[in-house]
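The paragraphs below walk through one protein model, taking its sheets, its pocket and a few single residues in turn. Keep the structure open alongside the text.

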Amino acid sequence: MILGPKPLIQPALRDEALIEDIAAANRDDGQFRLWWLGQSGFLLQWNGCHLLLDPYLSDSLTRKYAATPSPHIRMTALPVQPGRLGFVDVVACSHSHTDHMDPETLLPLLQANPRLRLVIPEAERESIENKLSWPATVGLDQGGATEINGFRINAVASAHETVELDTAGRCRFLGYVVEFGEWAIYHSGDTVLHSALAESLKPFRIDAALLPINGRRPERRVAGNLNAREAAWLGREIGARTVIPCHYDMFTFNTVPVGDFVTAAREVGQGWQVVHCGERWESSRLGKG
């Protein structure tokens, strides 16, 4: 008996239903909303402004690696075409790997949002601008920050799998702490634990940490990330009020069961929320604001 491919995981909301949900949630009430868009991609909405973090909204990697020993077989259906998101103010990309900085996602976004500001690691500016053929407007290095539309975006070094610097000593892989109003979220991009990570985050009062959980295995032949236990530990170490896991259920060769993270978070007493692709999560769940 020959089994066909497994059916794709369906987003909680997709296409027009997702667009309508984003519009319906858009209130100037001091609260913020998050939608997980798959892999490490999140949409942040606050007081009428929208920030995208590491969006991957195409099948570019599935096509690129189809005939290789590491096929990127998609697990979760695409929640929305990037050109439909015509209300985005800022996109922040943590590094130049395609599942975090995808030209097939970013170019339609830029076309749909002519005033879009793009935040990138300064160390990757030349690489990113060559891929996009579009001038990236803001480059950051670890310890630097920029403020756009009420979002203060602070750059923190990430290690994928090491803290890599360019010839000018600038960090190639970043995470971002985004501060807005009374809130702060941390989006790590791709990272493993490194000696300065927790200490660099403790000065911020993190409400929600968006952390990868897929871990690292040599047989995958790709750079690794935090595993479930490390993500739970890091959330507790930095005092995050909740951890939302990501970087799973996108490609069959590079995923883990999200239940492993839930178990780990419970064991260390770390608050957590599992958000399904295309689902809205609201800060009101934290009981603040």
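## Two sheets, a pocket and some unusual residues

In this predicted model, six strands make up an open sheet with mixed pairing, in the order E7-E8-E9-E10-E11-E12. The edges are held by strand E7 (145-148) and strand E12 (242-246); each has a single partner strand, so one side of each has no neighbour in the sheet. From one strand to the next, the twist averages 20°.

At one edge of this sheet, E7 and strand E8 (residues 151-157) run antiparallel and are joined by four bridges. To find the register of this pair, start from Ala145, whose bridge partner in E8 is Asn154. Elsewhere in the sheet, helix H6 (residues 228-238) lies across strand E10 (183-187), strand E11 (208-212) and E12. The angle between H6 and E11 is about 155°.

The other sheet to look at is also open and has mixed pairing; its seven strands follow the order E6-E5-E4-E3-E2-E1-E13. Here strand E6 (138-140) and strand E13 (280-282) are the edge strands, and each has a single partner strand, so one side of each is left without a neighbour in the sheet. The twist in this sheet averages 20° from one strand to the next.

Strands of a sheet pair through backbone hydrogen bonds, and the pairing can be parallel or antiparallel. Strand E3 takes part in both kinds of pairing, antiparallel with E2 and parallel with E4. Five bridges connect E3 to strand E2 (residues 41-46), and within that pair Leu44 stands opposite Leu51 of E3. E2 and E3 form a hairpin, with two residues between the strands. One residue in the turn, Asn47, has a positive phi of about 45°. Towards E4 (residues 90-92), E3 makes three bridges, and Leu52 stands opposite Val91 in E4.

Is E3 (residues 49-53) mostly covered or mostly open? The strand is mostly covered, since five of its five residues are buried. In a regular strand the side chains alternate between the two faces of the sheet. In E3, Cys49, Leu51 and Leu53 are on one side, His50 and Leu52 are on the other, and all are buried, so both faces of the strand are covered.

Continuing along the sheet, E4 and strand E5 (residues 117-121) run parallel and are joined by three bridges. Val90 has Arg117 of E5 as its bridge partner. Helix H4 (residues 125-132) lies across E5 and E6, and runs at about 135° to E5.

Now turn from the sheets to the empty space between atoms. Rolling a probe the size of a water molecule over the atoms shows where such space is left. The largest pocket holds about 290 Å³ of space. Its lining consists of 17 residues, and those closest to the centre of the pocket are Leu61, His72, His97, Asp99 and Val222. By class, the lining of the largest pocket comprises six nonpolar, eight polar and three charged residues.

Ser60 lies in helix H2. Is Ser60 buried or exposed? Ser60 has a relative accessible area of 11% and is therefore buried, as a residue counts as buried under 20%. Apart from neighbours within four places in sequence, Ser60 is in contact with Thr98, Asp102 and Glu104.

A few places in the backbone deserve a separate look. Most residues other than glycine have a negative phi, and most peptide bonds are trans. Asp54 has a positive phi, near 45°, and is not a glycine. Asp54 sits in the loop between E3 and helix H2 (60-64) and is buried, with a relative accessible area of 1%. Asp249 also is not a glycine, and has a positive phi of about 60°. The loop that holds Asp249 runs between E12 and helix H7 (258-268). With a relative accessible area of 23%, Asp249 is partly exposed.

Which residues are joined by a cis peptide bond? The bond lies between His160 and Glu161, with omega about 0°. Glu161 belongs to the loop between E8 and strand E9 (174-180).

Key. Residues numbered from 1 in each chain as written. Predicted model: local features only at pLDDT ≥ 70, side-chain atom pairs only at ≥ 80, totals over all residues. Heavy atoms only, no water. Pairing = 2+ DSSP bridges. Axes fitted to C-alpha atoms, helices over the stretch in contact; angles between N-to-C directions. Contact = heavy atoms within 4.5 Å. 1 Å grid on protein atoms, 1.4 Å probe; cavity = no way out; pocket = protein on both sides within 12 Å on 5 of 7 lines; lining within 4 Å. Points joined across faces, edges and corners; volume = space filled by probe spheres on them. Nonpolar A, V, L, I, M, F, W, Y, C, P; charged D, E, K, R; others polar. Buried < 20%, exposed > 50% of the residue type's maximum accessible area, 1.4 Å probe, protein only.
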